[in-house]
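Reader: Hi! I'm in my first year and still learning how to look at a protein model. Could you take one part of this one and walk me through it slowly?

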Amino acid sequence: MFHITERLLLRPAWPEDAEALFGGIADQGVVRNLARAPWPYLPQHAREFVMRKQDPHYPVFLITKPGDNGSDLIGCIGIDASGDEVELGYWIARPFWGRGYATEAARGALEVAKLLGHDRITAGHFVDNPASGKVLRKLGFRPTGQTAPRHSCGRGEDVDCVMYRLELAADEGDTLQAA
């Protein structure tokens, strides 16, 4: 599955992406804000990630920025089943922080989620990563009022996580189009 946004191409990972993936995520400043990625992140982890089987109902995309000399790998975004919920998760490589790529890629992933029939998406961010909360609020996510401990493999401990929810079944002109 592929999705095009204004500046980005969201696409599946391929085996030849392992090196670029490793280059983007093998950064403790990135991994510390993720629940499932281990630290240290090794080339083997990137190879395993690009080879894993995809569930078409819960797509995971590499975030790429096409250019004249190929495309840059910006990060990764996807939706996943989390108990009875559907959860959005993403990361952006450090050189691309602060450029609006997380918001743009998430808007695209949420459009795909809606097309796949998902009507509610959850997300969260660790309390010491307020930039991710800013992205979620720009997308129309609303805080649930809950903060829950969530294990971070990269930190090797539970970290308080602020929880959000977005209703995708909103009327036309919903928040997915908001700036």
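Author: Happy to! One term before we start: two residues are in contact when heavy atoms of theirs lie within 4.5 Å. Please also keep in mind that this is a predicted model.

Let's take helix 1, which covers residues 18–25. Which of its residues are buried? They are A18, L21, G24 and I25. These four span an arc of only 130° around the axis, so they sit on the same side of helix 1. Now turn the helix around in your viewer: the face pointing away from the buried side carries the exposed residues E19 and G23. For these labels, buried means under 20% relative accessible area and exposed means over 50%.

What does the buried side pack against? Its partners are helix 2 (28–31), helix 3 (43–51), strand 3 (60–67), strand 4 (70–82) and strand 5 (85–92).

One of those buried residues, I25, leads us into the interior. The largest nonpolar core has 47 residues, and I25 is among those with the most contacts inside it, along with I63, I77, L88, W91, I121 and F141. Helix 4 (residues 101–115) gives the most to this core, with eight residues. You can follow the core further from F141: leaving out neighbours within four places in sequence, F141 is in contact with residues including L88, I121, L110 and Y164.

Next, step back to the loop between strand 2 and helix 1, where you will find D17. Is D17 buried or exposed? With a relative accessible area of 8%, D17 counts as buried. Its side chain meets that of R11 in a salt bridge, with 2.8 Å from N to O, and R11 is buried as well. If you set aside neighbours within four places in sequence, D17 is in contact with R11, P12, V50 and L62.

Here is the general idea behind such pairs: side chains of opposite charge can pair when their charged atoms come close. The model has eight salt bridges in total, so let's visit two others for comparison.

In one, the side chains of E104 and R7 meet at 2.6 Å, N to O. This pair links distant parts of the chain, as E104 belongs to helix 4 and R7 to the loop between strand 1 (3–4) and strand 2 (9–11), 97 residues apart. E104 is buried at 11% relative accessibility, whereas R7 is partly exposed, with a relative accessible area of 31%.

In another, the side chains of D128 and R32 meet at 3.2 Å, N to O. D128 lies in the loop between strand 6 (120–126) and helix 5 (130–138), while R32 lies in the loop between helix 2 and helix 3, so the pair ties together parts that are 96 residues apart in sequence. D128 is partly exposed, with a relative accessible area of 39%, and R32 is partly exposed at 33%. R155 joins in too: R32, D128 and R155 are linked in a network of salt bridges.

To retrace the path, start at the buried side of helix 1 with A18, L21, G24 and I25, follow I25 into the nonpolar core, then return to D17 and its salt bridge with R11.

How values were computed:
Residues numbered from 1 in each chain as written. Predicted model: local features only at pLDDT ≥ 70, side-chain atom pairs only at ≥ 80, totals over all residues. Heavy atoms only, no water. Core = buried A, V, L, I, M, F, W, Y, C linked by side-chain atoms within 4.5 Å. Buried < 20%, exposed > 50% of the residue type's maximum accessible area, 1.4 Å probe, protein only. Helix = DSSP H or I, 4+ residues; strand = E, 2+ residues; numbered from the N terminus. Arc of directions from axis to C-beta. Salt bridge = Lys/Arg side-chain N within 4 Å of Asp/Glu carboxyl O.
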